[in-house]
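The following exercises concern a sheet and the helices beside it. Please attempt each task before reading its solution.

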Amino acid sequence: MRYEAPETIKAAVGLLIKARGQSRILAGGTDLMVQMRSGMLEPDLIMDIKRIPGMRDIVPEKGGFRIGAAVSGSELGEHAKVSKMWPGVVEAVELIGSTQIQGRATMVGNLCNASPAADSVPALIAVGATARIVGNKRTRDVPVETIAKAPGKTILAKGEFVSSVFLPKALPRTGSAYLRFIPRTEMDIAVVGSGVCLTLNPKGVVTKARVSLGAVAARALLVEEAADVLLGNKLNDDVLERLADIASDAATPINDKRGTVAFRKQVAGVLTRRAALIAFQRAKG
Amino acid sequence: MPEQRLLTVKLGGSLVSRAGGRTEFKLEGRNIMEMLRHLGRDCPELEPMLGNAVSVAVDGQIYRDALLHPLNPDNEIILLPRMAGG
Amino acid sequence: MPLDAKTSNDKKAFKSVGTSPIRPDGIDKVTGRARFGADMSAPGMLVGRILRSPHAHAKIKSIDTSKAEALPGVKAVITSADLPKYKDADEDILINIMARDRALYDGHTVAAVAAIDAAVAKKALKLIKVDYEIMPHVTDVDLAMLPNAPLVHPGRYDGMAENEHLALALQEQGKAKSKRKSTNIVSRYDFGHGDVKKGFKQADVIVEHEFTTEATHQGYIEPHACLANVSSDGSGELWVCTQGHFMVRDVCAALLGMDVSSLRVTPSEIGGGFGGKTTVFIEPVALALSRKAGRPVKVVMSREEVFRATGPTASSSIKVRLGAKKDGRFVAAEAVLKYQGGAFPGSPVEMGAMTAFACYDLANVKIVGYDVVTNRPKQAAYRAPGAPMSAFAVEGCVGELAEKLGMDPIELRKKNAAVEGTKSSYGPTFGPIGLVETLDAAKKHKNYKAKLGKNQGRGVASGFWFNFGGNTCVNINLNVDGTLALAVGTPDIGGSRASMCLMAAEELGIPYDDVRAIVADTSSLGYNDVTDGSRVTFASGLATINAARDCAAKLCKRAAQIWDIPADAVKWENGAAHPAGANAGDFPPLSIKELAGQAHSTGGPIAGHYEVNADGAGPSFATHVVDVEVDPETGATKVLRYLVVQDAGKAVHRAYVEGQFQGGAVQGIGWVLNEEYIYGEDGRLQNAGFLDYRIPVCSDVPMIDTVIVEVPNPGHPYGVRGVGETSIVPPLAAVANAVSAAIGVRATTLPMSPPRILEALKSKSA
Amino acid sequence: MSNIHVTTTINGDETEYVCRPDESLLDVLRDRLGMSGTKEGCGTGDCGACSVTLDGRLVCSCLVMGAEVDGHKVETIEGMADGEDLHPLQQKFLEHAALQCGICTPGFLVAAQSLLERNLDPTETEVRYWLAGNLCRCTGYDKIVRAVLDTAKDMRKVAKKSSAKKTAKKGARHAA
């Protein structure tokens, strides 16, 4: 096992390409250290990216924000402008673990760990975020929903890693929200998560909507039928009821130690309805 | 000489099925040790349990290892399982 | 033992007792200086690691340790071959700490290594090859009792009286008589009196339910840890976090074939126990490794090992039937309890059975309990072992009876409450007890009058625990400056050293700060039973008081010698020796400091001591009141307010008594709402970590309100009753009753996790 | 596995050590530096017993690699008291009986200090959520939360007084 802390992206990519066996990126380390301790993972190379310039920065870009891969949850939460523009994303990131975990865990780590239950992912999908992948030959930007292929598996090729996530500029009258269900009030993995982002016209009618569910399938889902129900409508009871039904139907969860199929399907509907209402209120301002 | 009065000893817990359903014995004994010795003689099936697997309640007070505690025929005497706490 | 003059509830009678000073070990614990199990090191120390079975039940055909032994840096590898059975060893404990021919549960120890560091030890474990033959397993108590269940110990119970239990049990379950000679039922317990058949005939209302509870873990934050050092002459030292170092010494010596006197055990500070540290797990293994390697060996469990291989409590399946007259008077009560306690006999079902109806004065009561073995880790005691589950079932039925009769739940309990002179459901007649006092105080409390909103419900439950005494030894040494060194032999798990200092100070009439208490090692003090059964403040307290009196008597004698008057003409008062009366002579009092200062030149050091097998621990009753709110769309339960009312006899250190009340209540909240052992089809534990074994976190609970009731225990000089365990008896039922009230369905399955609550709500609307 | 040389600042003292790449900061503190005040309850970031601050941020030291703190600042429970003078939180934990067994106490104190550095007037709910990553199995949290709230109250008074003093001094200087 080797520990490296390169100071440029180029050096980092070079290390990843040359590495034999398994390589792992160290940003916050809150998943990596647990996996290593459990014996699930014995990487040959651990590459700490925190010394690479920009990795710990939040930079305004095109009216939105670029969030470096090593920005911790609490650093993101303390950023007033991001919190104001995308409260749904920030509240999702802030739900990841305890205060202690927040001090380390990163949004990009949450994305690249490719857990179906990752809290930040449905929120990022809902706001249409993109991830920047750096590698040997090219740098590419992809929608966040394409990063995870299956639990623990990503589209990243050898030599590649995600260097940042871009949150686009929010249109006027846009609101985002994320809710999750856990049995306790803190310190749990989401049993169901739901991210909603809505844009309204001046009359309060939904003109743009994205709805994403977490922990109810092998990876976070973008539920387009749910968005369709909202488009052209205000959020009256009937619309919300249909939204909840569609979210419940879209969920294809499993029974496991954290919840049952029936429970997850029902709560997916409940949370989507509640998140939509919060997003709606935020959009109205 | 007045007739010697006997102790009335009641059983609880797993002793009941061990003793074939008997729940009460009339026994001699000046203290817990003697009483248990007589009980083991009267009911050999109970003998293996009477070492340190029982507690004895005397007038509502539970004794775990008090073989020399005196007994008299007016005492309420109940054999219970030996208990452990957390 | 007669109640001393001081046993009044008049606080003025006490100077120190009943206050809440800072504990003697406090500064070390807030600065990080206190040394717990894993905090000790020794020169040349090796790291011990344990290999555990990944199977719930498997024959161990062979173990090949040769590759591990050949790895550089490995100093010892042991298997069951290194732990033969010695004469006095308890075979169940021996097999539990190291599997022999079969692995009996997921996590069962099969081998252990000692190596120069953790990395080498980890590697060595991987090099040990175990050839397993997987066998059928059973982890559920009801399934384990079925006639065709896989047997945990085939043949072991053949020909024993317990075998008849199967036939009995199956008949009671309405199933055919089995021909099998062996079963997983290892004991049957019967309690009760009167005629329940006749009783139920008189009943106007009968409630009947079947309840289940899952196994929960004590969840102490400090994993088991020890440092063993066996020298070449066969003598050994052990540093260990345990609730009973004398027990550790005796059991380890027996398992390893050592003389008791050649093993010295020093207790570390202990990071929680709750019953789970009243037995041995890694200690004999560490000693055996050290003996083989000839070097000190430290073994520290991981959290995963704690969950998989140490004792959770039993899971249970309980049926209760309760009948009452229209006016609320109970006429008959019946319960059948089935507890599985893992792979060895000893589930706490007998205590579950004894405590089930202990709160009530019943003319007709019958309780049957079955102890069942399964392929799970051997259960260990957990705070009032066995009692919370049976209270959950019984108090659930009492709650429903109150609803059916339209009675206030506290009034219904008062109407049937056990009082002094009641023949208890488990046999003995109660002395002075304080159940009614807790009910009255609960009813008067503001929480009982708080208004409830939508989706909210209130639950009430009472609970009982016996409390124990036991073997106890205490020394008090008078130092040259008049301060006292107090040595007790019961590990301090919740601040008991402070209570001991208070009682010694009270007795000698000196300031609390002049007494310093330590927990002495096994070679420095006579035998002490483990810290269990809520016994320490009672029994070590009683011994401390008597040791202090012994010390005072010696001080009086010394003063008498100095004054040249008879010893019985001197009395001890307010920290000084005084002439007992005018006839004794006119001498100015001699303070403890003056006597201590000249002790060495007036006859030698002064010390008091006391050894006793303490009897007379008075039982403690409690009543809890809780309000909850349930989200009907997600099944999430929020605890809004919580009240604990409990009889402490006499609260020695009030803040720590409250702390026991609060801690027990919150553990109970965890048990009822979220905590459970989850086994897969493969018999493996799926949630061996704090992420998915969900103990309550700080944001899950409200402040826990407390009322200390004091009905003196005549068995203690100050009236003290143990308080540690009763507090976990009522919460399961109290919260369940509150949830049932909030959702309108009787909750009978624990934990009442959100999926279960949504299911219950669905069944109601269907 | 080759060892890594690390230079860091712990409780204000420059500290050097070597560690393997798979060792956590917690392992380093406890096993290499003999600082056993920081406790291990789970090793997976779920109990908070190993709480320390890293460059002023509250973290679980079991989830930080020993290798990556080179050039950074670590604060542990051992650095909390100022010589013989306890930190107000330490004093209040004792007065409120906010500890029973004491194994979680160092973690709670470090976490609570981190809260009060950011927010000297937290609500009960804020305290409870901030401390949700610190498990305590003994106390039911009641007395811990009370101790933190009471410390904050006292520290606010002190802060008020000292700022009043400062203002007074400034005023005096101006007057002069």
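The exercises below refer to this predicted model.

**Exercise 1.** Determine the strand order of the open sheet in chain C, and explain why one side of each edge strand is left without a neighbour.

*Solution.* Step one: the five strands run in the order β7-β15-β14-β13-β8 (chain C), and their pairing is mixed. Step two: the edges are occupied by β7 (185–193) and β8 (205–213) of chain C; each has a single partner strand, so one of its sides lacks a neighbour in the sheet. Step three: on average, neighbouring strands of this sheet are turned by 5 degrees against each other, direction ignored.

**Exercise 2.** State in which sense, parallel or antiparallel, β14 and β15 of chain C pair.

*Solution.* Strand β14 (residues 330–340) of chain C pairs with β15 (residues 365–372) of chain C over eight bridges, in the parallel sense. Within β15(C), C:Val372 is the residue opposite C:Gln340.

**Exercise 3.** Identify the strands touched by helix α12 of chain C, then describe how this helix packs with α19(C).

*Solution.* Step one: α12 (residues 387–405) of chain C packs on the sheet and touches β8, β13 (315–324) and β14 of chain C. The direction of α12(C) makes about 145 degrees with that of β8(C). Step two: α12(C) and α19 (residues 731–743) of chain C pack at about 35 degrees, their axes 8 Å apart, and the crossing is right-handed. Step three: residues of α12(C), including C:Phe392, C:Glu395 and C:Gly399, meet residues of α19(C), among them C:Leu732, C:Ala736 and C:Ser740. The residues of this contact comprise six nonpolar, four polar and one charged.

Conventions:
Residues numbered from 1 in each chain as written. Chains lettered and ligands numbered in written order. Predicted model: local features only at pLDDT ≥ 70, side-chain atom pairs only at ≥ 80, totals over all residues. Pairing = 2+ DSSP bridges. Helix = DSSP H or I, 4+ residues; strand = E, 2+ residues; numbered from the N terminus. Axes fitted to C-alpha atoms, helices over the stretch in contact; angles between N-to-C directions. Contact = placed C-beta atoms within 7 Å. Left-handed = near helix turned anticlockwise from the far one by under 90°. Nonpolar A, V, L, I, M, F, W, Y, C, P; charged D, E, K, R; others polar.
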